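The following exercises ask the reader to work from single residues towards the whole protein. Each task is followed by a solution in steps.

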Amino acid sequence: MRKEAADRPFFVIAASLFVLLVFLAFAQRYYLGWLFRSPHLSLFLQVHGAIMSGWVLMFIMQTGLVETGHMRMHRKLGTVGAGWAVLVVTIGTMATLHASIREVRAHTDIAPLQVTITGLELVEMLLFAGFVTSAVWLRRRGDYHKRLMLLTLVCMLPSVLPRLPLGLFQSLLSILLAVYGALVLCVGIDTLRHRRLHPAFAIGGAIFVLVMQAAFFAMQTPAWRDFLTRLLG
């Protein structure tokens, strides 16, 4: 119990930082669009934004409930969260496919890049679903559960970083390296605090890096681009 309590500030800070990044990334286009007079988003994109924002809010609420000791409410909300995760994967998959369909059928210059991005985002959705499923399965083992849930945020980072102000992350490689850096930072801090590498981070982190690195190379091949272009065109 003492270890669980000592872990809480780390996960609260990590979740809070992610919420801040999401707000900064989507404030101008979505959250404060009315203030910046941004172009009107389609109904589909508004729903997409609401579902993704709902997951982020639910994550920070769940972290707060654990921090304040409201475990019964945490478990009840977790049931809703499991269903919400299905919505995240469904709408996220639809959104990235829709973006590729739009560019491919319009024969735009960025269509090949968008096809590559779609491939990577589909892999991210697959990893997200895998981590959520594993976290639900191991929900009675709190040390595994919370670390696997933190990895779901890592899966969402590639969609957040390129939308941050100042345009710091614009190339696929820079985005991927930044995500790896965030993962290493989280795992490193956790490992130093506990003086051991937790299996959830060791296995989950290794799977994430290996799968994303393989996808990074595979999705840029002519074979993948031709396949998805024909499929969507």
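**Exercise 1. A threonine in a helix**

Task: Determine in which helix T152 is found, whether T152 is buried or exposed, and which residues T152 touches.

Solution. Step 1: T152 is found in helix α6. The model examined here is a predicted one.

Step 2: The relative accessible area of T152 is 0%. Buried means under 20% relative accessible area, so T152 is buried.

Step 3: Residues up to four places away in sequence are not counted, and the residues that T152 touches are then W55, F59, F128, F131 and V132.

**Exercise 2. Two residues of one helix**

Task: Describe A27 and V12 by their element, their accessibility and their contacts.

Solution. Step 1: A27 is found in helix α1, and V12 is also found in helix α1.

Step 2: A27 has a relative accessible area of 10%. This value is under 20%, so A27 counts as buried. For V12 the relative accessibility is 24%. The class between under 20% and over 50% is called partly exposed, and V12 therefore belongs to that class.

Step 3: Neighbours within four places in sequence are left aside. A27 is then in contact with L32, G33 and F36, while V12 is in contact with I60, T63 and E67.

Step 4: Distances in sequence and in space may now be set side by side. A27 and L164 are 137 residues apart along the chain, and their C-alpha atoms are separated by 9.3 Å. V12 and V66 are 54 residues apart in sequence, with 9.3 Å from C-alpha to C-alpha.

**Exercise 3. Positive phi angles**

Task: State where R37 and R195 are placed, what is notable about their phi angles, and whether they are buried or exposed.

Solution. Step 1: R37 has its place in the loop between α2, residues 33-36, and α3. R195 lies in the loop between α7 and α8.

Step 2: R37 is not a glycine, although its phi is positive, at about 55 degrees. R195 is likewise a residue other than glycine, and its phi is positive, near 60 degrees.

Step 3: R37 has 78% relative accessibility. Exposed means over 50%, so R37 counts as exposed. For R195 the relative accessibility is 78%, and R195 therefore counts as exposed.

**Exercise 4. A proline in a helix**

Task: Locate P222, classify its accessibility, and give the distance between the C-alpha atoms of P222 and P112.

Solution. Step 1: P222 lies in helix α9, which covers residues 222-232.

Step 2: The relative accessible area of P222 is 61%, so this residue is exposed.

Step 3: P222 and P112 are 110 residues apart along the chain, and 9.2 Å separates their C-alpha atoms.

**Exercise 5. The largest pocket**

Task: Describe the volume of the largest pocket, the residues closest to its centre, and the composition of its lining.

Solution. Step 1: The space in the largest pocket is about 1,600 Å³.

Step 2: The lining of the largest pocket has 50 residues, and those closest to the centre are F26, H48, E121, S159 and R163.

Step 3: The elements that give two or more residues to this lining are α1 (2-31), α3 (43-67), α4 (71-105), α5 (111-137), α6 (142-160), α7 (172-194) and α8 (199-218). The greatest contribution comes from α1, with ten residues.

Step 4: The lining of the largest pocket divides into 32 nonpolar, twelve polar and six charged residues.

**Exercise 6. The whole protein**

Task: State how many helices and strands the protein has, and why it may be called as compact as a globular protein of its length.

Solution. Step 1: The protein has nine helices and zero strands. From the N terminus on, its elements follow the order α-α-α-α-α-α-α-α-α.

Step 2: The radius of gyration of the protein is 18 Å, and the globule rule gives 17 Å for 233 residues. Because these values are close, the protein is as compact as a globular protein of that length.

Step 3: Along the principal axes, the C-alpha atoms fill a box of roughly 60 × 40 × 35 Å.

Step 4: Of the 233 residues, 40% count as buried. The accessible surface of the protein is about 13,300 Å², and 70% of this surface belongs to carbon and sulfur atoms.

Step 5: Among contacts with a separation of 6 or more, 70% are between residues 24 or more positions apart.

Key: Residues are numbered from 1 along each chain as its sequence is written. This is a predicted model: local features need pLDDT of at least 70, side-chain atom pairs count only at pLDDT 80 or more; totals for chains, interfaces and linings use all residues. Side-chain values use heavy atoms; hydrogens and water are left out. On a 1 Å grid over the protein atoms alone, a cavity is a set of points where a 1.4 Å probe fits but cannot get out, and a pocket is an open set with protein on both sides within 12 Å along at least five of seven lines; lining residues have an atom within 4 Å of a point. Grid points are joined across faces, edges and corners, and a volume is the space filled by probe spheres set on the points. Helices (H or I, at least four residues) and strands (E, at least two) are DSSP runs, numbered from the N terminus. Ala, Val, Leu, Ile, Met, Phe, Trp, Tyr, Cys and Pro count as nonpolar, Asp, Glu, Lys and Arg as charged, and the others, Gly among them, as polar. The radius of gyration is taken over C-alpha atoms; the globule rule is 2.2 Å times the number of residues to the power 0.38. Buried means under 20% relative accessible area, exposed over 50%, partly exposed in between (1.4 Å probe, protein chains only). Contact means heavy atoms within 4.5 Å. Accessible areas come from the Shrake-Rupley method with a 1.4 Å probe; for residues, only the protein chains shown count as cover.
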